Amino acid sequence: METNSQSYIAKTISGLENVLAAELNALGASEVKVINRAVSFSGDTKLMYTANLWLRTALRILEPVSTFRVNSNDDLYNCISDYPWESIINVEQTLAVDAFISNSVFNNSQFVAQKVKDAVVDRFRKKFGKRPSVSIENPDLRINVHITQNNCNVSLDTSGESLHKRGYRKISGQAPLSEVLAAGLILLSGWDKKTTLVDPMCGSGTILTEAALIAENKAPGIFRNNFGFMNWKNFNTDLWKEIFTDAKRQSSKSNVKLFGYDISQRALEGAAQNAVGTGLQENIKLERTPFEKLVPPVRPGTLLFNPPYGERIQKDDIVAFYKTIGDIMKQRFSGFEAWLISSDMDALKHIGLKPSAKYKVFNGPLECRFVKFNLYEGSKKRKENSEI
(Lines give C-alpha, C1' and ligand atoms only; values in the text may rest on other atoms or scores of the structure.)
Protein backbone atom coordinates (compact mmCIF):
# COMPACT_ATOMS: atom_id res chain seq x y z
CA MET A 1 0.00 0.00 0.00
CA GLU A 2 1.36 3.41 -1.02
CA THR A 3 1.42 5.77 1.97
CA ASN A 4 4.03 8.35 0.95
CA SER A 5 2.58 11.86 0.68
CA GLN A 6 4.08 14.35 -1.74
CA SER A 7 3.17 17.83 -2.95
CA TYR A 8 2.38 18.26 -6.64
CA ILE A 9 1.38 21.02 -9.03
CA ALA A 10 -1.02 20.38 -11.90
CA LYS A 11 -0.67 22.98 -14.66
CA THR A 12 -3.68 24.02 -16.72
CA ILE A 13 -5.11 26.65 -19.06
CA SER A 14 -6.03 30.01 -17.54
CA GLY A 15 -9.74 29.88 -16.73
CA LEU A 16 -9.89 26.15 -16.01
CA GLU A 17 -8.29 26.17 -12.55
CA ASN A 18 -11.56 25.55 -10.67
CA VAL A 19 -12.55 22.73 -13.01
CA LEU A 20 -9.17 21.08 -12.46
CA ALA A 21 -9.49 21.52 -8.68
CA ALA A 22 -12.87 19.75 -8.80
CA GLU A 23 -11.31 16.89 -10.78
CA LEU A 24 -8.54 16.53 -8.22
CA ASN A 25 -10.98 16.54 -5.32
CA ALA A 26 -12.97 13.80 -7.06
CA LEU A 27 -9.79 11.70 -7.33
CA GLY A 28 -9.19 12.04 -3.58
CA ALA A 29 -6.36 14.57 -3.59
CA SER A 30 -5.74 16.50 -0.38
CA GLU A 31 -4.71 20.13 0.24
CA VAL A 32 -6.15 21.15 -3.14
CA LYS A 33 -5.47 24.83 -3.76
CA VAL A 34 -6.10 26.95 -6.87
CA ILE A 35 -3.12 29.03 -8.00
CA ASN A 36 -2.35 30.90 -11.23
CA ARG A 37 -2.89 28.57 -14.21
CA ALA A 38 -2.38 25.62 -11.88
CA VAL A 39 -3.66 23.71 -8.87
CA SER A 40 -1.42 22.49 -6.06
CA PHE A 41 -2.33 19.30 -4.22
CA SER A 42 -0.93 16.49 -2.11
CA GLY A 43 -1.14 12.73 -2.48
CA ASP A 44 0.80 9.50 -2.72
CA THR A 45 2.43 7.88 -5.74
CA LYS A 46 -0.78 6.08 -6.62
CA LEU A 47 -2.62 9.40 -6.81
CA MET A 48 0.10 10.90 -9.02
CA TYR A 49 -0.15 7.99 -11.46
CA THR A 50 -3.96 8.19 -11.35
CA ALA A 51 -3.97 11.94 -11.91
CA ASN A 52 -1.83 11.62 -15.03
CA LEU A 53 -4.19 8.99 -16.40
CA TRP A 54 -7.51 10.61 -15.44
CA LEU A 55 -7.23 14.40 -15.37
CA ARG A 56 -8.98 15.94 -18.38
CA THR A 57 -8.00 19.57 -17.74
CA ALA A 58 -4.36 19.22 -16.65
CA LEU A 59 -1.52 19.98 -19.06
CA ARG A 60 1.18 18.38 -16.91
CA ILE A 61 1.81 17.37 -13.30
CA LEU A 62 4.97 18.57 -11.61
CA GLU A 63 6.62 17.08 -8.54
CA PRO A 64 8.56 19.80 -6.67
CA VAL A 65 11.90 18.47 -5.38
CA SER A 66 13.96 21.52 -4.44
CA THR A 67 13.51 25.17 -3.51
CA PHE A 68 16.36 27.59 -2.87
CA ARG A 69 17.43 31.22 -3.25
CA VAL A 70 19.74 32.26 -6.08
CA ASN A 71 21.79 35.43 -6.42
CA SER A 72 24.33 34.28 -9.01
CA ASN A 73 25.17 31.71 -11.67
CA ASP A 74 27.23 29.81 -9.10
CA ASP A 75 24.27 29.60 -6.68
CA LEU A 76 22.13 28.02 -9.39
CA TYR A 77 24.83 25.60 -10.52
CA ASN A 78 25.81 24.50 -7.01
CA CYS A 79 22.26 23.97 -5.73
CA ILE A 80 21.31 21.95 -8.80
CA SER A 81 24.54 19.92 -8.47
CA ASP A 82 23.65 19.02 -4.88
CA TYR A 83 20.48 17.14 -5.85
CA PRO A 84 20.85 13.33 -6.26
CA TRP A 85 19.72 13.10 -9.90
CA GLU A 86 21.23 9.61 -10.16
CA SER A 87 18.43 8.38 -7.87
CA ILE A 88 15.91 9.17 -10.63
CA ILE A 89 17.59 8.10 -13.88
CA ASN A 90 20.77 6.31 -14.85
CA VAL A 91 23.62 7.60 -16.95
CA GLU A 92 22.38 5.88 -20.15
CA GLN A 93 19.08 7.77 -20.06
CA THR A 94 18.18 11.19 -21.45
CA LEU A 95 17.04 14.50 -19.99
CA ALA A 96 15.74 17.93 -20.93
CA VAL A 97 15.29 21.17 -18.98
CA ASP A 98 12.40 23.63 -19.24
CA ALA A 99 13.22 26.98 -17.61
CA PHE A 100 10.89 29.88 -16.83
CA ILE A 101 11.91 33.22 -15.33
CA SER A 102 9.82 36.08 -13.90
CA ASN A 103 11.24 39.33 -12.50
CA SER A 104 14.35 37.27 -11.98
CA VAL A 105 18.03 37.90 -11.30
CA PHE A 106 18.44 36.09 -14.64
CA ASN A 107 17.19 37.60 -17.88
CA ASN A 108 17.49 34.65 -20.24
CA SER A 109 15.56 31.42 -19.71
CA GLN A 110 17.72 29.55 -22.25
CA PHE A 111 20.82 30.43 -20.23
CA VAL A 112 19.13 29.11 -17.07
CA ALA A 113 18.17 25.87 -18.82
CA GLN A 114 21.74 25.42 -20.07
CA LYS A 115 23.21 26.10 -16.63
CA VAL A 116 20.88 23.58 -15.00
CA LYS A 117 21.68 20.98 -17.65
CA ASP A 118 25.40 21.51 -17.13
CA ALA A 119 25.07 21.06 -13.37
CA VAL A 120 23.10 17.81 -13.75
CA VAL A 121 25.38 16.18 -16.32
CA ASP A 122 28.54 17.32 -14.51
CA ARG A 123 27.31 15.55 -11.38
CA PHE A 124 26.90 12.33 -13.37
CA ARG A 125 30.29 12.75 -15.01
CA LYS A 126 32.02 13.21 -11.64
CA LYS A 127 30.30 10.14 -10.17
CA PHE A 128 30.34 7.75 -13.12
CA GLY A 129 32.82 9.11 -15.64
CA LYS A 130 30.08 9.61 -18.22
CA ARG A 131 26.87 11.62 -18.54
CA PRO A 132 23.28 11.34 -19.75
CA SER A 133 22.43 12.76 -23.17
CA VAL A 134 20.07 15.65 -23.77
CA SER A 135 16.93 14.85 -25.76
CA ILE A 136 14.41 17.55 -26.60
CA GLU A 137 11.91 14.98 -27.89
CA ASN A 138 10.63 12.47 -25.32
CA PRO A 139 13.44 12.64 -22.72
CA ASP A 140 13.41 10.13 -19.87
CA LEU A 141 13.54 13.00 -17.38
CA ARG A 142 12.12 16.46 -17.96
CA ILE A 143 13.25 18.97 -15.33
CA ASN A 144 11.16 22.09 -14.73
CA VAL A 145 12.91 25.15 -13.28
CA HIS A 146 10.98 28.29 -12.33
CA ILE A 147 12.81 31.35 -11.00
CA THR A 148 10.84 34.31 -9.64
CA GLN A 149 13.03 37.11 -8.32
CA ASN A 150 15.57 35.22 -6.15
CA ASN A 151 13.46 32.12 -5.57
CA CYS A 152 14.16 29.00 -7.59
CA ASN A 153 11.74 26.07 -7.67
CA VAL A 154 12.87 22.83 -9.26
CA SER A 155 10.37 20.12 -10.21
CA LEU A 156 10.27 16.81 -11.99
CA ASP A 157 7.75 16.65 -14.82
CA THR A 158 5.83 13.46 -14.06
CA SER A 159 3.83 13.68 -17.31
CA GLY A 160 6.54 13.89 -19.93
CA GLU A 161 4.66 15.00 -23.02
CA SER A 162 1.84 17.46 -22.35
CA LEU A 163 -1.31 15.67 -21.20
CA HIS A 164 -3.31 17.31 -23.99
CA LYS A 165 -1.60 14.76 -26.24
CA ARG A 166 -4.11 12.02 -25.48
CA GLY A 167 -2.80 9.62 -28.08
CA TYR A 168 -5.98 9.34 -30.15
CA ARG A 169 -5.59 12.31 -32.52
CA LYS A 170 -4.62 11.20 -36.01
CA ILE A 171 -5.39 14.42 -37.90
CA SER A 172 -5.53 18.08 -36.85
CA GLY A 173 -7.75 20.53 -38.68
CA GLN A 174 -7.17 24.24 -39.15
CA ALA A 175 -6.79 25.97 -35.75
CA PRO A 176 -7.69 22.84 -33.74
CA LEU A 177 -8.97 23.24 -30.20
CA SER A 178 -6.72 21.75 -27.53
CA GLU A 179 -8.08 18.53 -26.03
CA VAL A 180 -7.61 20.01 -22.55
CA LEU A 181 -9.57 23.15 -23.46
CA ALA A 182 -12.31 21.14 -25.17
CA ALA A 183 -12.74 18.92 -22.10
CA GLY A 184 -12.66 21.98 -19.85
CA LEU A 185 -15.42 23.69 -21.82
CA ILE A 186 -17.61 20.59 -21.63
CA LEU A 187 -17.08 20.33 -17.88
CA LEU A 188 -17.65 24.08 -17.41
CA SER A 189 -20.95 23.79 -19.28
CA GLY A 190 -22.26 21.26 -16.79
CA TRP A 191 -23.30 18.90 -19.61
CA ASP A 192 -25.04 15.91 -18.02
CA LYS A 193 -23.52 13.21 -20.30
CA LYS A 194 -27.03 12.21 -21.41
CA THR A 195 -28.42 15.17 -23.35
CA THR A 196 -27.81 15.17 -27.11
CA LEU A 197 -24.74 17.28 -27.87
CA VAL A 198 -24.37 19.09 -31.19
CA ASP A 199 -21.19 20.77 -32.47
CA PRO A 200 -22.26 22.61 -35.64
CA MET A 201 -18.70 23.65 -36.56
CA CYS A 202 -16.82 20.60 -35.36
CA GLY A 203 -13.60 20.77 -37.38
CA SER A 204 -11.46 17.77 -36.44
CA GLY A 205 -13.99 16.78 -33.79
CA THR A 206 -12.12 17.49 -30.55
CA ILE A 207 -15.22 18.62 -28.62
CA LEU A 208 -17.20 15.58 -29.73
CA THR A 209 -14.39 13.14 -29.00
CA GLU A 210 -13.77 14.58 -25.53
CA ALA A 211 -17.53 14.50 -24.86
CA ALA A 212 -17.62 10.82 -25.86
CA LEU A 213 -14.76 10.07 -23.45
CA ILE A 214 -16.58 11.90 -20.65
CA ALA A 215 -19.91 10.17 -21.39
CA GLU A 216 -18.33 6.72 -21.22
CA ASN A 217 -16.14 7.59 -18.22
CA LYS A 218 -13.08 6.66 -20.23
CA ALA A 219 -9.77 7.95 -18.85
CA PRO A 220 -8.29 10.49 -21.31
CA GLY A 221 -4.79 9.06 -20.89
CA ILE A 222 -5.83 5.47 -21.61
CA PHE A 223 -4.50 5.71 -25.19
CA ARG A 224 -1.03 6.94 -24.24
CA ASN A 225 1.91 4.59 -24.19
CA ASN A 226 4.17 6.67 -22.00
CA PHE A 227 4.21 9.12 -19.12
CA GLY A 228 7.35 10.74 -17.71
CA PHE A 229 7.26 8.81 -14.42
CA MET A 230 7.46 5.49 -16.29
CA ASN A 231 11.12 6.19 -17.16
CA TRP A 232 12.27 6.75 -13.58
CA LYS A 233 14.09 4.25 -11.39
CA ASN A 234 11.30 4.19 -8.82
CA PHE A 235 8.52 3.41 -11.32
CA ASN A 236 6.16 0.86 -9.75
CA THR A 237 5.04 -1.33 -12.65
CA ASP A 238 2.60 -3.38 -10.57
CA LEU A 239 0.93 -0.28 -9.15
CA TRP A 240 0.55 1.21 -12.63
CA LYS A 241 -0.97 -2.01 -14.00
CA GLU A 242 -3.48 -1.99 -11.15
CA ILE A 243 -4.48 1.63 -11.86
CA PHE A 244 -4.66 1.09 -15.62
CA THR A 245 -6.74 -2.09 -15.29
CA ASP A 246 -9.10 -0.36 -12.87
CA ALA A 247 -9.52 2.55 -15.30
CA LYS A 248 -10.53 0.20 -18.11
CA ARG A 249 -13.01 -1.46 -15.75
CA GLN A 250 -14.63 1.88 -14.89
CA SER A 251 -15.50 2.66 -18.50
CA SER A 252 -19.13 1.99 -19.41
CA LYS A 253 -21.08 2.08 -22.66
CA SER A 254 -23.08 5.24 -23.31
CA ASN A 255 -25.97 5.74 -25.72
CA VAL A 256 -25.69 9.52 -25.76
CA LYS A 257 -26.08 11.08 -29.21
CA LEU A 258 -23.23 13.30 -30.39
CA PHE A 259 -23.62 15.13 -33.70
CA GLY A 260 -20.92 17.01 -35.59
CA TYR A 261 -21.28 19.19 -38.68
CA ASP A 262 -18.82 21.17 -40.76
CA ILE A 263 -18.50 22.67 -44.23
CA SER A 264 -15.15 20.95 -44.80
CA GLN A 265 -15.21 17.32 -45.90
CA ARG A 266 -11.51 17.08 -45.11
CA ALA A 267 -12.12 18.22 -41.53
CA LEU A 268 -14.91 15.67 -41.14
CA GLU A 269 -12.67 12.89 -42.41
CA GLY A 270 -10.13 13.90 -39.78
CA ALA A 271 -12.85 13.94 -37.11
CA ALA A 272 -13.91 10.43 -38.14
CA GLN A 273 -10.34 9.12 -37.90
CA ASN A 274 -9.85 10.74 -34.50
CA ALA A 275 -13.05 9.12 -33.25
CA VAL A 276 -11.82 5.75 -34.51
CA GLY A 277 -8.65 6.34 -32.49
CA THR A 278 -10.75 6.23 -29.31
CA GLY A 279 -13.03 3.37 -30.37
CA LEU A 280 -16.00 5.69 -29.83
CA GLN A 281 -16.95 6.24 -33.47
CA GLU A 282 -20.39 4.70 -32.94
CA ASN A 283 -21.30 7.54 -30.58
CA ILE A 284 -20.42 10.30 -33.04
CA LYS A 285 -22.47 11.10 -36.14
CA LEU A 286 -20.76 13.37 -38.66
CA GLU A 287 -22.29 15.17 -41.63
CA ARG A 288 -21.16 17.81 -44.10
CA THR A 289 -23.63 20.67 -43.61
CA PRO A 290 -23.01 24.43 -43.42
CA PHE A 291 -24.38 26.08 -40.29
CA GLU A 292 -26.72 28.21 -42.38
CA LYS A 293 -28.59 25.05 -43.50
CA LEU A 294 -28.41 23.10 -40.26
CA VAL A 295 -31.58 21.70 -38.73
CA PRO A 296 -31.46 20.10 -35.24
CA PRO A 297 -31.28 16.31 -35.54
CA VAL A 298 -33.30 15.86 -32.34
CA ARG A 299 -34.78 18.04 -29.60
CA PRO A 300 -33.94 19.18 -27.01
CA GLY A 301 -30.17 19.28 -26.81
CA THR A 302 -26.99 21.20 -26.14
CA LEU A 303 -25.10 23.22 -28.74
CA LEU A 304 -21.42 23.54 -27.88
CA PHE A 305 -19.04 24.96 -30.43
CA ASN A 306 -15.98 26.97 -31.34
CA PRO A 307 -16.95 29.26 -34.26
CA PRO A 308 -14.28 31.03 -36.29
CA TYR A 309 -13.12 34.36 -34.94
CA GLY A 310 -10.98 37.03 -36.57
CA GLU A 311 -7.62 36.37 -34.90
CA ARG A 312 -7.89 32.62 -35.48
CA ILE A 313 -9.50 32.23 -38.91
CA GLN A 314 -10.08 35.20 -41.17
CA LYS A 315 -13.74 35.74 -41.96
CA ASP A 316 -14.87 38.30 -44.54
CA ASP A 317 -17.51 39.77 -42.31
CA ILE A 318 -17.25 38.41 -38.79
CA VAL A 319 -20.07 40.62 -37.44
CA ALA A 320 -22.53 39.45 -40.10
CA PHE A 321 -21.44 35.86 -39.45
CA TYR A 322 -22.16 36.15 -35.73
CA LYS A 323 -25.53 37.78 -36.43
CA THR A 324 -26.34 34.76 -38.57
CA ILE A 325 -25.31 32.43 -35.73
CA GLY A 326 -27.71 34.26 -33.39
CA ASP A 327 -30.57 34.25 -35.90
CA ILE A 328 -30.27 30.53 -36.67
CA MET A 329 -29.99 29.58 -33.00
CA LYS A 330 -33.17 31.54 -32.22
CA GLN A 331 -35.12 30.34 -35.24
CA ARG A 332 -34.18 26.64 -35.31
CA PHE A 333 -32.72 25.67 -31.95
CA SER A 334 -35.40 26.80 -29.51
CA GLY A 335 -35.36 24.59 -26.45
CA PHE A 336 -31.59 24.07 -26.73
CA GLU A 337 -28.90 25.26 -24.36
CA ALA A 338 -26.13 26.88 -26.42
CA TRP A 339 -22.49 27.39 -25.44
CA LEU A 340 -19.83 28.95 -27.63
CA ILE A 341 -16.29 30.25 -27.24
CA SER A 342 -14.83 33.26 -29.01
CA SER A 343 -12.06 35.82 -28.60
CA ASP A 344 -14.00 38.41 -30.63
CA MET A 345 -15.88 40.27 -27.89
CA ASP A 346 -17.49 42.68 -30.35
CA ALA A 347 -18.72 39.91 -32.63
CA LEU A 348 -20.22 38.08 -29.64
CA LYS A 349 -22.41 41.10 -28.90
CA HIS A 350 -24.01 40.67 -32.32
CA ILE A 351 -25.32 37.21 -31.46
CA GLY A 352 -28.30 39.24 -30.28
CA LEU A 353 -29.01 37.24 -27.13
CA LYS A 354 -28.15 37.99 -23.53
CA PRO A 355 -25.74 35.40 -22.08
CA SER A 356 -27.02 33.58 -19.00
CA ALA A 357 -23.45 32.59 -18.02
CA LYS A 358 -19.96 33.54 -19.14
CA TYR A 359 -16.42 32.50 -18.33
CA LYS A 360 -13.04 33.95 -19.24
CA VAL A 361 -10.73 31.29 -20.67
CA PHE A 362 -7.68 31.33 -22.90
CA ASN A 363 -7.30 29.55 -26.22
CA GLY A 364 -3.53 29.62 -26.61
CA PRO A 365 -2.59 33.31 -26.25
CA LEU A 366 -6.12 34.52 -27.04
CA GLU A 367 -8.34 35.73 -24.23
CA CYS A 368 -11.80 34.33 -24.92
CA ARG A 369 -15.30 34.27 -23.50
CA PHE A 370 -17.17 31.01 -23.11
CA VAL A 371 -20.82 32.05 -23.04
CA LYS A 372 -24.16 30.34 -22.52
CA PHE A 373 -27.45 31.23 -24.19
CA ASN A 374 -30.75 29.69 -23.16
CA LEU A 375 -32.75 29.34 -26.37
CA TYR A 376 -36.26 29.43 -24.97
CA GLU A 377 -39.30 28.59 -27.04
CA GLY A 378 -40.33 31.92 -28.59
CA SER A 379 -36.89 33.34 -27.83
CA LYS A 380 -36.45 36.67 -26.14
CA LYS A 381 -36.13 39.68 -28.41
CA ARG A 382 -32.73 40.52 -29.80
CA LYS A 383 -30.57 42.54 -27.44
CA GLU A 384 -28.14 43.99 -29.95
CA ASN A 385 -25.46 45.08 -27.53
CA SER A 386 -25.65 42.33 -24.94
CA GLU A 387 -22.86 42.71 -22.41
CA ILE A 388 -20.12 40.14 -22.92
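What follows is a walk through the two sheets of this predicted model, the helices that pack on them, and the spaces left between the atoms.

The eight-stranded sheet makes a good starting point. This sheet is open, with mixed pairing, and its strands come in the order E2-E3-E1-E4-E8-E7-E5-E6. Its edges are strand E2 (30-35) and strand E6 (133-134), each of which pairs on one side only. Further in, strand E4 (residues 60-69) runs antiparallel to strand E8 (residues 151-157), and 7 bridges join the two. Two of the residue pairs can be picked out here: Thr-67 sits opposite Asn-153 in E8, and Ser-66 has Val-154 of E8 as its bridge partner. E4 also pairs with E1, again in the antiparallel sense, this time over 3 bridges. Ile-9 finds its bridge partner in Leu-62 of E4.

Several helices go with these strands. Helix H2 (residues 45-54) lies across strand E1 (6-11), strand E3 (38-43) and E4, and runs at about 145 degrees to E3. Helix H3 (residues 73-81) lies across E4, strand E7 (141-148) and E8, at about 120 degrees to E4. Then there is helix H1 (residues 17-27), whose buried residues are Glu-17, Val-19, Leu-20, Ala-21, Glu-23 and Leu-24. These buried residues pack against E1, E2 and E3, and also against two helices, H2 and helix H5 (179-189). Right after H1 comes Gly-28, with a positive phi near 95 degrees.

The other sheet has 7 strands, is open as well, and shows mixed pairing in the order E11-E10-E9-E12-E13-E15-E14. Strand E11 (284-288) and E14 each have a single partner strand, so one side of each goes without a neighbour in the sheet. On average, neighbouring strands here are turned by 20 degrees against each other, ignoring direction. Strand E9 (residues 197-199) and strand E12 (residues 302-305) pair in the parallel sense over 2 bridges, and Val-198 has Leu-303 of E12 as its bridge partner. Helix H6 (residues 206-215) lies across E9, strand E10 (258-262), E11 and E12, with a direction at about 170 degrees to E10. Helix H8 (residues 265-278) packs on the sheet too, where it touches E10 and E11 and makes about 170 degrees with the direction of E11.

Now for the empty space. Rolling a probe the size of a water molecule over the atoms shows where such space is left. The largest pocket has a volume of about 820 Å³. Its lining counts 31 residues, and Lys-11, Asn-36, Arg-37, Ala-38 and His-146 are the ones that lie nearest its centre. At least two lining residues come from each of E1, E4, strand E5 (94-102), E7, E8 and strand E14 (357-363). E4 gives the largest share, with 6 residues. Sorted by class, the pocket lining has 12 nonpolar, 14 polar and 5 charged residues.

Closed-off space is also present, in the form of 1 cavity of 30 Å³ or more. The volume of the largest cavity is about 40 Å³. Asn-52, Leu-53, Leu-55, Leu-163, Arg-166, Pro-220, Gly-221, Arg-224 and Phe-227 form its lining. By class, that comes to 5 nonpolar, 2 polar and 2 charged residues.

Definitions and conventions. Residues numbered from 1 in each chain as written. Predicted model: local features only at pLDDT ≥ 70, side-chain atom pairs only at ≥ 80, totals over all residues. Heavy atoms only, no water. 1 Å grid on protein atoms, 1.4 Å probe; cavity = no way out; pocket = protein on both sides within 12 Å on 5 of 7 lines; lining within 4 Å. Points joined across faces, edges and corners; volume = space filled by probe spheres on them. Nonpolar A, V, L, I, M, F, W, Y, C, P; charged D, E, K, R; others polar. Pairing = 2+ DSSP bridges. Helix = DSSP H or I, 4+ residues; strand = E, 2+ residues; numbered from the N terminus. Contact = heavy atoms within 4.5 Å. Axes fitted to C-alpha atoms, helices over the stretch in contact; angles between N-to-C directions. Buried < 20%, exposed > 50% of the residue type's maximum accessible area, 1.4 Å probe, protein only.
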